[in-house]
Each structure stands twice: as C-alpha cells, then as structure tokens.
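Welcome to a guided look at a protein model. Have the sequence and the 3D view ready, and take your time with each stop.

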Amino acid sequence: MKLIVCIVQDQDSHVLIDDLTESNFRVTTLASTGGFLKSGNTTLLIGVEEEDVDRVFEIIEKNCKTREVSTPLIPVNIPGETYIPQPIDVKVGGATIFMLDVEDHIRM
Ligand code: 2BA
C-alpha cells in the first residue's frame, strides 16, 4: 500500500475530493499553508493499493491546474523603517505529491 500526500490549491480541492470519493478512494483533507506564499492550500492524504496509484494520479491531473500567482505585498518592519517588497509572479503547481510506502494499514 502507498500513502499519497498531495498538496493542492484550495480552488481545486473540492472538485478533486468529490472526484476521488466518487471513484471510491478514501481521502483525508488537512487545511495547510504554503511556506513561501503564506496562503492557504489543501493537503490530501490518500491511502491506496499500488495498482490504484495511476488512477489517482489521473484524477489529480484532471482536476488541478497550474496558476500564476503574485507574492503578497506584506510590509517588512525593520526598526526605524518599513520596507514593502516588490511582488513577484510564481507558478503554483497543480499538485505537489509525495509518495510514501505504508508498512501497515489497520482499521478497527
Ligand atoms: P508555497 O510554499 O506557498 O509555494 C508556492 C509557490 O511559490 C511554489 O509552487 C513555487 O512556484 C514558489 N516557491 C516556493 N518556494 C520558493 C522559493 N524558495 N523561491 C522561489 N519560489 C518559490 P509549488 O512548487 O507548486 O508549491 C505549491 C505548494 O506546495 C507550496 O506552497 C507548499 O505548500 C507545497 N510544497 C511544494 N514543494 C514542497 C516541498 N518540497 N516540501 C513541502 N511542501 C512543498
């Protein structure tokens, strides 16, 4: 069994979760925050048998889009002065995926 840890943009998470559950996959969602943009994203935990991994990837690919996002204009306060950084555009991926081997899966 594999555990797919998948970080997606909030905008894509609802349709993705619906598609996964309608396809009989079990999903846990966690509200998360990206370290760089400091804005919300969604982390999904999906436990699947190895033969189903490709099907899950297809569903993720179908529902998650890459978008260009500007970094926020958050002022940086240095004692005595305030510095407003220039925004930069970054491409946020449709999904960032980590695959972990699962030693045991127990349901009681
Ligand atoms: P954030 O950390 O908010 O990053 C959003 C996007 O900003 C990233 O998109 C990337 O295009 C850019 N970015 C991130 N760190 C950067 C840096 N040090 N310098 C320049 N640009 C940078 P993605 O790579 O698609 O990542 C989307 C979200 O997935 C990330 O949100 C983070 O929450 C997660 N993520 C990505 N790679 C990760 C990793 N290796 N470990 C843990 N979480 C990761």
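What follows is a short tour of salt bridges, cysteines, a ligand site and a surface patch.

One thing to keep in mind from the start: this is a predicted model.

## Salt bridges

Side chains of opposite charge can pair when their charged atoms come close. How many salt bridges does the count come to? The count comes to four salt bridges. The table lists some of them, including the gap between nitrogen and oxygen.

| Acidic residue | Basic residue | N to O distance |
|---|---|---|
| Asp101 | Lys2 | 2.3 Å |
| Asp12 | Arg67 | 2.9 Å |
| Asp19 | Lys62 | 2.8 Å |

Let us take these pairs in turn. The side chains of Asp101 and Lys2 meet in a salt bridge. Asp101 sits in strand β8 (residues 95–101) and Lys2 in strand β1 (residues 2–9), so this pair ties together parts that are 99 residues apart in sequence. Are the two partners buried or exposed? Asp101 is exposed, because its relative accessible area is 62%. Lys2, in contrast, has 15% relative accessibility and therefore counts as buried.

Next come Asp12 and Arg67, whose side chains meet in a salt bridge with 2.9 Å from N to O. This pair also links distant parts of the chain: Asp12 belongs to helix α1 (residues 10–22) and Arg67 to strand β4 (residues 67–70), and they are 55 residues apart. Asp12 counts as buried, with a relative accessibility of 3%. Arg67 reaches 23%, so it counts as partly exposed.

Asp19 forms a salt bridge with Lys62, where the closest N and O atoms are 2.8 Å apart. Here two helices are involved: Asp19 lies in α1 and Lys62 in α2 (residues 53–63), so the pair ties together parts that are 43 residues apart in sequence. Asp19 is buried at 13% relative accessibility, while Lys62 is exposed at 57%. Asp19 has another partner as well: its side chain makes a polar contact with the side chain of Asn63, at 3.0 Å.

## Two cysteines without a bond

A disulfide is a covalent bond between the sulfur atoms of two cysteines. This structure holds zero disulfides. Why is Cys6 not bonded to Cys64? The sulfur of Cys6 has its closest cysteine sulfur in Cys64, 5.9 Å away, which is too far for a bond. A disulfide would need the two sulfur atoms to be within 2.5 Å. Seen from the other side, the closest cysteine sulfur to that of Cys64 is the one in Cys6. Cys6 is buried, with a relative accessible area of 0%, and Cys64 is buried too, with 11%.

Strand β1 offers another buried residue to find. Val8 lies in this strand and has a relative accessible area of 2%, so it is buried. Val8 and Thr66 are 58 residues apart in sequence, and their C-alpha atoms are 9.7 Å apart in space.

## Around the ligand

Now turn the model to the ligand. Which residues surround the ligand? They are Ile7, Gly34, Gly35, Phe36, Leu37, Asn41, Val90, Lys91, Val92, Gly93, Thr96 and Phe98.

Some of these residues place polar atoms beside ligand oxygens. A polar backbone atom of Gly35 is 3.2 Å from an oxygen atom of the ligand. In Asn41, an N or O atom of the side chain is 3.0 Å from a ligand oxygen. For Lys91, a backbone N or O atom lies 2.7 Å from an oxygen atom of the ligand. On its own, the ligand has 750 Å² of accessible area, and the protein covers 52% of that.

Which elements give two or more residues to this shell? They are β7 (89–92) and β8. The largest share, three residues, comes from β7.

## A nonpolar patch

The last stop is on the outside. Val76, Ile78 and Tyr83 form a nonpolar patch on the surface, and together they have about 260 Å² of accessible area. Tyr83 is found in strand β6 (residues 81–83). With 46% relative accessibility, Tyr83 counts as partly exposed.

Note on methods:
Residues numbered from 1 in each chain as written. Predicted model: local features only at pLDDT ≥ 70, side-chain atom pairs only at ≥ 80, totals over all residues. Heavy atoms only, no water. Patch = residues over 30% accessible without salt bridge, like charges linked within 9 Å, V, L, I, M, F, W, Y side chains within 5 Å. Areas by Shrake-Rupley, 256 points an atom, 1.4 Å probe, with all protein chains shown as cover. Helix = DSSP H or I, 4+ residues; strand = E, 2+ residues; numbered from the N terminus. Buried < 20%, exposed > 50% of the residue type's maximum accessible area, 1.4 Å probe, protein only. Near = heavy atom within 4 Å. Polar contact = N/O pair within 3.5 Å; in protein donor to acceptor, adjacent residues only side chain to side chain.
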